[in-house]
Amino acid sequence: KYRIEESIGVGGFSEVFRATHIAMSRPVAIKIFDARRQYLSDPERAKRYARHFQREAHLVSKLQHPNTVTIFDYGVHPGGKLYLVMEFILTEILAQEKQLSEQRTLALFLQVLASLEEAHHRGILHRDLKPANIMVTATFKGEEQVKVLDFGIAQLANQQQQHERSSSA
């Protein structure tokens, strides 16, 4: 159903590929978690990272804000690899351009906040917001549109509060 074209990034417990949904000729990004990767040789660690991956799919699928990456598909490949299919976003301007004007920075930052507002409203904490997880693409009108991605270590707010209470006890 998807044609994988090239690797575009490796994260803490997964690899992201540029791909095409064959029937729709739609460019997509496919994030693949493979517990057999060398750095996941500890079975407990692999299970923990698999739970992170599954939580990301579950949490982000609830988000509908235009400034949050859209998830199209999630599943388990017959070979046992977990995968997450999302919209393919072309530009990472924050890594390419070292300095942005104040006005442009503010406009982009307000879009990041808008994405996080919905996530927080739904009780989801991103926990890994950094330039690499903020992409900028263009709308059909040519306007810059922020996309917040990689909710891989996201957590529900009530889980975070429980964790903080148990850590301070």
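Select Glu-5 to begin. In this predicted model, Glu-5 is partly exposed, with a relative accessible area of 32%. Now add Arg-3. Arg-3 also counts as partly exposed, at 43% relative accessibility. Show both side chains. They meet in a salt bridge, 3.4 Å from N to O.

Why do Glu-5 and Arg-3 fall in the partly exposed class? Partly exposed runs between under 20%, which is buried, and over 50%, which is exposed. Glu-5 has 32%, and Arg-3 has 43%.

Next, select Lys-147 and Glu-87. These two form a salt bridge, with the closest N and O atoms 3.0 Å apart. The pair links distant parts of the chain. Lys-147 sits in strand β8, residues 144–148. Glu-87 sits in strand β5, residues 82–87. The partners are 60 residues apart. Are Lys-147 and Glu-87 buried or exposed? Both Lys-147 and Glu-87 are buried.

Move on to helix α3. Select residues 102–121. How far apart are the end C-alpha atoms of α3? They are 28 Å apart. At 1.5 Å a residue, the 20 residues of α3 should span 28 Å, so the model agrees with the expected span.

Stay on α3 and color its buried residues. They are Leu-108, Gln-111, Val-112, Ala-114, Ser-115, Leu-116, Glu-118 and Ala-119.

Now turn to the surface. Select Leu-106, Phe-109, Leu-110 and Leu-113. Together they form a nonpolar patch on the surface, with about 380 Å² of accessible area. Leu-106 lies in α3.

Pick Glu-118 from the buried set, then add Arg-122. Glu-118 and Arg-122 form a salt bridge, and their closest N and O atoms are 3.0 Å apart. Glu-118 has 12% relative accessibility and therefore counts as buried. Arg-122 is partly exposed, with a relative accessible area of 40%.

Elsewhere, Arg-3, Glu-5, Glu-6 and Arg-18 are joined into one network by salt bridges that share partners. Select these four residues to return to the starting pair. Arg-3 and Glu-5 are the two whose side chains you saw meeting at 3.4 Å.

How many salt bridges does a search of the whole structure find? The search finds 8. Among them are Lys-147 with Glu-87 and Glu-118 with Arg-122.

For a last stop, select Gly-123. Gly-123 follows α3. Its phi is positive, near 80°.

Key
Residues are numbered from 1 along each chain as its sequence is written. This is a predicted model: local features need pLDDT of at least 70, side-chain atom pairs count only at pLDDT 80 or more; totals for chains, interfaces and linings use all residues. Side-chain values use heavy atoms; hydrogens and water are left out. Patches are made of residues with over 30% relative accessible area and no salt bridge: like charges are joined within 9 Å, nonpolar side chains (Val, Leu, Ile, Met, Phe, Trp, Tyr) within 5 Å. Accessible areas come from the Shrake-Rupley method with a 1.4 Å probe; for residues, only the protein chains shown count as cover. A salt bridge is a side-chain nitrogen of Lys or Arg within 4 Å of a carboxyl oxygen of Asp or Glu. Helices (H or I, at least four residues) and strands (E, at least two) are DSSP runs, numbered from the N terminus. The expected span of a helix is 1.5 Å times one less than its number of residues. Buried means under 20% relative accessible area, exposed over 50%, partly exposed in between (1.4 Å probe, protein chains only).
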